[in-house]
Number of protein chains: 2
Amino acid sequence: MSARGRCHSAPPRPRTGTTVKASRREAGVRVSVQHSGRGPQAASGEPVRRATMKDVAALSGVSIKTVSRVINGVSTVSDELRDRVTRAIVQLDFQPNLAASSLRRTDGATRQIALLLEDVANPFSATLSRAVENVARDHDSLVFAGSLDEDPQRELELVRAATLHRVDGIVIVPAAPDHGYLHREIRTGTPVVFVDRPPRGLAADAVLATNTEGAREAVLHLADHGHTEIAFLGDTRTISTVGERVAGYRAALAERGLPERPGRVVTDLPDTASAARAVAALLDSDRPPTALFTAQNLVTIGAIQTLQERGLHERVAVVGFDDFPLADLLVPRVTVVAQDVVRIGTLAVRRLFERIAGDDAPPREERVPTTLVVRGSGEIAPPR
Amino acid sequence: MSARGRCHSAPPRPRTGTTVKASRREAGVRVSVQHSGRGPQAASGEPVRRATMKDVAALSGVSIKTVSRVINGVSTVSDELRDRVTRAIVQLDFQPNLAASSLRRTDGATRQIALLLEDVANPFSATLSRAVENVARDHDSLVFAGSLDEDPQRELELVRAATLHRVDGIVIVPAAPDHGYLHREIRTGTPVVFVDRPPRGLAADAVLATNTEGAREAVLHLADHGHTEIAFLGDTRTISTVGERVAGYRAALAERGLPERPGRVVTDLPDTASAARAVAALLDSDRPPTALFTAQNLVTIGAIQTLQERGLHERVAVVGFDDFPLADLLVPRVTVVAQDVVRIGTLAVRRLFERIAGDDAPPREERVPTTLVVRGSGEIAPPR
DNA sequence: GACCCTGTTGACAACGTTGACTCAGCAGAT
DNA sequence: ATCTGCTGAGTCAACGTTGTCAACAGGGTC
């Protein structure tokens with residue numbers, strides 16, 4: 001944007017309808033320039049200075065401080081002045097400058113929070129994101145979302161960017177193996193709430209799913225449908241949820257007196273393709289499992305791909321951890337242990353806003369229960 | 001946050017491993033308080049004041065202005081001073097106060113852009129969001145995303161919130177029927193780029209899909225597989241893409257000399273459920289269609305639901321507009337006209353950053369081509 | 001009438017940074 | 001030796017707001 005002009009003179013402004021278009025093509029994208037009489041966008045009607053409190057004060061004949069009081073809802077302003085100021089604000093379309101405000105204020109609030117997740121484009125993150133947005137709205141705060149891609153380095157960068165922008169707080173689905181570095185941020189007044197995975201090397205609030213219990217329930221479900229050969233397939237081992245889910249798997253096997261066969265716990269499957277390959281390998285082994293517990297979204301999908309390719313989708317039982325869209329349109333419909341993602345997100349931001357408001361109770365860990373959603377794929381009986 | 005303290009004395013800090021937990025239950029969520037020796041989160045090690053340029057200047061023995069120069073990469077600083085300042089910055093963990101900076105700077109840049117979309121939780125929006133984030137990262141900018149839920153009122157509110165926070169620019173998938181109100185924002189220096197749907201009553205940049213051509217291609221595809229009874233099912237009529245896709249549908253029918261039967265164009269299906277009902281109604285009509293062109297994501301899914309329920313999914317052909325996850329795992333796999341969402345998002349933000357950089361060329365409309373993805377559901381032949 | 005209290009308003013400085021300007025020092029031209 | 005121009009550094013004010021404090025009006029009390 002060029003320097004702010006002072007010129008307020010209105011340019012000639014013909015009707016909008018007269019737009020003429022001319023097309024050309026570049027690299028598959030069709031571009032058309034709009035030769036409207038209104039002229040270029042950025043210069044449309046000369047850049048205009050935004051009104052400040054000073055302008056409002058001048059127009060309503062009061063001091064700047066009184067304008068500030070009206071805006072902040074301070075009660076010691078007479079009705080008459082409040083009225084005059086309010087009218088001036090509307091007339092000038094005044095919006096206070098948040099930067100100046102947060103610079104001066106003692107609490108330094110910016111009314112922005114950061115949400116750092118795995119990848120805004122995956123369904124878990126997207127749902128979380130929406131839940132967080134809804135709560136943030138009630139607190140007049142904006143949410144900026146960042147994707148970590150399970151990369152610790154990226155986590156550092158984004159936390160850094162967040163504090164650079166002086167966000168009021170951070171909700172994070174962490175990727176880093178250690179969070180000691182967050183100590184400094186918390187001490188300088190940026191509270192952090194962990195979601196889905198607990199902090200390591202740091203005491204902080206966390207909202208998590210009951211991973212172990214959920215996994216246990218899933219595997220018991222399979223065992224109770226007659227399966228004795230149940231495999232575990234999961235995401236990257238270093239993610240804490242994976243460990244918890246493995247623990248649940250083992251607890252269920254032990255509870256039903258089933259042995260854990262070697263090679264039946266496969267982890268470090270970060271995407272659909274690797275999960276698909278892992279399932280293929282299992283099926284090709286000497287003693288193929290008759291049931292699969294897929295401990296994550298993408299793993300479940302990869303598994304189903306392989307089963308479909310081999311025509312085994314009506315033969316091998318599958319229970320997945322975490323629900324996903326269209327799970328109930330596949331054949332067979334997919335039985336899952338669903339996390340209450342909206343609940344998790346909501347609790348996490350609420351906690352964050354409590355911290356922002358000054359709550360300094362000891363950090364808490366909240367566990368949100370999962371639900372077994374029976375749909376078909378988990379109720380397939382073992383052969384013979 | 002309580003008032004900033006000055007106390008820098010380090011509290012006793014025992015090992016982390018000694019955390020003790022106590023559980024209780026409230027409304028299904030298990031809560032455990034962490035009685036770690038480190039004490040409450042917010043007070044952990046007393047709140048600490050953030051370093052300012054003044055501190056850096058004092059530590060390195062230069063003026064504040066020189067610190068500013070170093071941070072902004074001004075070349076007229078001797079190597080020695082630059083070194084001293086850099087070391088002080090690291091030592092104090094200094095991060096410049098962006099609020100103060102943008103307050104003082106002539107361009108007033110905040111390094112934040114807003115992304116307003118239908119709903120961060122739907123796949124189209126989520127993909128767009130990720131694409132925007134990636135480009136924004138290159139410009140050291142943060143993105144905050146907001147969901148409009150197709151609500152014009154909400155659009156006004158969120159644009160308002162965005163300008164209140166003085167974002168450098170806005171990328172928007174609009175919901176409002178008229179965008180004249182944006183004139184003011186553009187003139188005060190907040191450029192706006194439209195995505196998926198063009199602006200109305202305003203000249204502004206837009207990046208759109210080739211809706212008409214894509215729809216035409218889909219319907220020609222169905223006709224060329226022998227269908228003469230093809231229905232159109234679409235989202236809310238007021239959305240411009242819907243109109244364009246209807247136009248493409250009609251163009252294709254005309255091109256193949258097929259009549260448009262009454263009641264075959266069904267719109268205003270905002271969600272899966274209503275789409276499912278609409279398909280049921282069509283199938284129950286006197287002359288049921290043998291093929292469906294579903295002009296939006298959720299509509300496609302709703303249609304498939306009904307077809308599956310009736311066991312017609314291998315009988316009635318379907319081509320959808322817009323790809324969706326798992327489209328290739330359904331039975332039959334779903335043929336779609338895919339939009340290049342990543343491309344659309346990328347072009348849009350790039351354009352936005354050009355505007356932010358001061359480009360004041362006339363507004364442009366770019367059209368990104370669609371691709372027909374043949375998978376099975378669109379190649380089902382009509383009965384007999 | 002002097003005193004105090006309360007409630008409303010404004011003057012002023014300060015938040016942390018950067019733009020405009022100044023100034024000292026020095027090299028090269030005169 | 002003086003002048004000019006340039007380079008590197010510093011001083012000061014200003015961005016738009018809010019916290020602190022003082023001033024003032026009006027009312028009630030003694």
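Modeller: Before we begin, a definition: Ala, Val, Leu, Ile, Met, Phe, Trp, Tyr, Cys and Pro count as nonpolar, Asp, Glu, Lys and Arg as charged, and the others, Gly among them, as polar. Please keep in mind also that this is a predicted model.

Colleague: How many residues of the surface near DNA strand D are nonpolar, polar and charged?

Modeller: A residue is near a strand if one of its heavy atoms lies within 4 Å of it. In this structure the surface near DNA strand D divides into ten nonpolar, ten polar and six charged residues, and the closest of the 26 residues around that strand are Lys65(A), Thr66(B), Arg69(B), Ser78(B) and Arg104(B).

Colleague: Which element gives the largest share of the surface near DNA strand D?

Modeller: That element is α4(A), with four residues, while α2 and α4 of chain A and α2 and α4 of chain B each supply at least two.

Colleague: Which parts of DNA strand D do the atoms within 4 Å of the protein belong to?

Modeller: Sugar or phosphate accounts for 60% of those atoms, and bases for the rest. On the phosphate side, a polar backbone atom of Asn97(A) is 2.9 Å from a phosphate oxygen of DNA strand D; on the base side, an N or O atom in the side chain of Arg104(A) is 3.0 Å from a base oxygen of this strand.

Colleague: What does the side chain of Lys65(B) lie 2.7 Å from in DNA strand C?

Modeller: An N or O atom in that side chain is 2.7 Å from a base nitrogen of DNA strand C, whereas a polar side-chain atom of Asn72(B) lies 3.1 Å from a phosphate oxygen of DNA strand C.

Terms used:
Residues numbered from 1 in each chain as written. Chains lettered and ligands numbered in written order. Predicted model: local features only at pLDDT ≥ 70, side-chain atom pairs only at ≥ 80, totals over all residues. Heavy atoms only, no water. Polar contact = N/O pair within 3.5 Å; in protein donor to acceptor, adjacent residues only side chain to side chain.
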